[in-house]
Structure formats: C-alpha cells, structure tokens
Amino acid sequence: MTQTAITLAAQPFDFSCDLASTALVIIDMQRDFIEPGGFGETLGNDVSLLSAIVPACQAVLSAWRAAGGLVVHTRESHRVDLSDCPPAKRNRGNPRLRIGDTGPMGRILVAGEPGNQIIPALSPMPGEIVIDKPGKGAFYATPLHVTLRKKGVTHLIFMGVTTEVCVQTSMREANDRGYDCLLLTDCTESYFPQFKAATVDMIHAQGGIVGWTSPSQGLLSALTPGPA
Ligand code: C5J
C-alpha cells in the first residue's frame, strides 16, 4: 500500500499516522451487547445507548475501507466447552444468565451463536481480521499482536463497546505493546455515560498516558479530503 499520511486534531495534541501502518480496531460490536433482547439487556442495561453509535461507526468503517485501510474486528467469545472461561468470570455477581447459558440469542458469549455475531451493519468483509477474545482485552490469549507485527502495524484507531471495559482494556494492552492508539469518541459507548466520560479523560490525561482521543470527523476529513 502507498504511504498516506494522516494528521488530525486530537487530545492531548495532534495524532499522526500513516494509513499503511495503521489498523482500525472495532471492539465487540456484537448483537448480544447492542441489540434489544441480548445479553446486555438481560443484565438490566439500556442497549439503545450503544446502538446510537452505529451510524458513526459505519461512516468511519466505510471511509476506512474505501481508503484501503486494514480492519480488525473483535468478539468477546468463548469456546463451546467454556474451557477458556474461568469460573471467576462465569460466576461473578451470581447473574441470572451466565456465560454459556442459553439466552434470547443462543448461548451467551459462545462462539458461533447468533448473539455472538457482529451486528449486520458492521459485518466483517472477506479478508478483514476477526479476533475471538476470551478476555476483555483484545491481546490476551489471542494472535492479535503477532498478526499486527507481521503486517507492520504501529498505530491503532479504536471504536466499539464498552468504552471502559473492553475498549479501554484493549487500548491499555496495545499501549504497553508499543502501539500509538487513538479512540474515536463518538464511535464508542458505555451503558454508563459517566464511565465513558471518565475513560476518555483518563486515556488522554498526563500527556496521553494511554493514547489520543478525538471525534471521528477529523479522521473522516483526513480520509476524504475535499477539492483543493
Ligand atoms: C463487557 C465489553 N462490558 N465488550 N464487554 O463485558 O465491553
């Protein structure tokens, strides 16, 4: 891929990357977290908060694809025998429905089940990377780091849910592995708005201790420049 420099206004200062060495990472935009009747709703959450970001995510994904950028999708997903789901994760909080139980969209957070799929609006295209992750972070017990290293990726742009859980954990894991990371603030959401706000603040605090944050408009403008 040819080099395409991207610079956009962000917090705590401008974010620069090159399209050829940057991946768009879309965290856990799965039916079970986002659609009514899924696992997220059975936990008592208002899933409309999360579904509200889908149009903004679609706009970025389609501009990124049109520019020829690398796309990574993740799913929080366990093996059918739950051998990768520690009892501490399954049992904590004594939920009405545990991981592996049958919920409204099939077995909860189990690979291959309807609720475990990425929502149709953001479905992976052939050739895009799909990472099934048993933890909150996208790097724990997955081939993601090796895959990105092989492709020469140094910068990551994050979207997805939930901001303070799987998105933040993945960004911190990426930061510790040496990636420069940007979070698109209108393309991520939490069931708890105050947690999203706090997470965005803590990511770019202290000179970008985890990375950068910005609304998606700056990236969209950089990807689709108007006539000179
Ligand atoms: C959660 C996630 N919240 N994808 N998963 O359990 O953030």
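**The ligand site and an aromatic pair**

Let me begin at the ligand, where an oxygen atom of the ligand lies 3.2 Å from a backbone N or O atom of Cys166. Taken alone, the ligand exposes 230 Å², and the protein buries 86% of that area. I should say at once that this is a predicted model, and that the distances and areas I quote are computed from it.

Two further contacts involve nitrogen on the ligand side: in one, a nitrogen atom of the ligand is 2.8 Å from an N or O atom in the side chain of Asp28, and in the other, a ligand nitrogen is 3.2 Å from a polar backbone atom of Val161.

If we now step back to the surroundings, the residues around the ligand are Asp28, Phe33, Glu76, Lys136, Val161, Thr162, Val165 and Cys166. Sorted by class, that shell has four nonpolar residues, three charged ones and one polar one. As for where the ligand sits, it occupies the largest pocket.

Let me turn, finally, to the aromatic rings, for which the count comes to four pairs. Among them is the pair of Phe139 and Tyr179, whose ring centres are 5.8 Å apart and whose planes make an angle of 40 degrees, an arrangement that counts as tilted. This pair links distant parts of the chain, with the two positions 40 residues apart: Phe139 belongs to the loop between strand 7 (129–133) and helix 6 (144–150), while Tyr179 belongs to the loop between helix 7 (163–176) and strand 9 (180–189).

Note on methods. Residues are numbered from 1 along each chain as its sequence is written. This is a predicted model: local features need pLDDT of at least 70, side-chain atom pairs count only at pLDDT 80 or more; totals for chains, interfaces and linings use all residues. Side-chain values use heavy atoms; hydrogens and water are left out. A residue is near a molecule or strand if one of its heavy atoms lies within 4 Å of it. A polar contact is a pair of N or O atoms within 3.5 Å; within protein, one must be able to donate a hydrogen and the other to accept it, and residues adjacent in sequence count only if both atoms are side-chain atoms. Accessible areas come from the Shrake-Rupley method with a 1.4 Å probe; for residues, only the protein chains shown count as cover. On a 1 Å grid over the protein atoms alone, a cavity is a set of points where a 1.4 Å probe fits but cannot get out, and a pocket is an open set with protein on both sides within 12 Å along at least five of seven lines; lining residues have an atom within 4 Å of a point. A molecule sits in a cavity or pocket if more than half of its atoms lie within 2 Å of its grid points. Ala, Val, Leu, Ile, Met, Phe, Trp, Tyr, Cys and Pro count as nonpolar, Asp, Glu, Lys and Arg as charged, and the others, Gly among them, as polar. Rings of Phe, Tyr and Trp (its six-membered ring) pair if their centres lie within 6.5 Å; planes under 30 degrees apart count as stacked, over 60 as edge-to-face and the rest as tilted. Helices (H or I, at least four residues) and strands (E, at least two) are DSSP runs, numbered from the N terminus.
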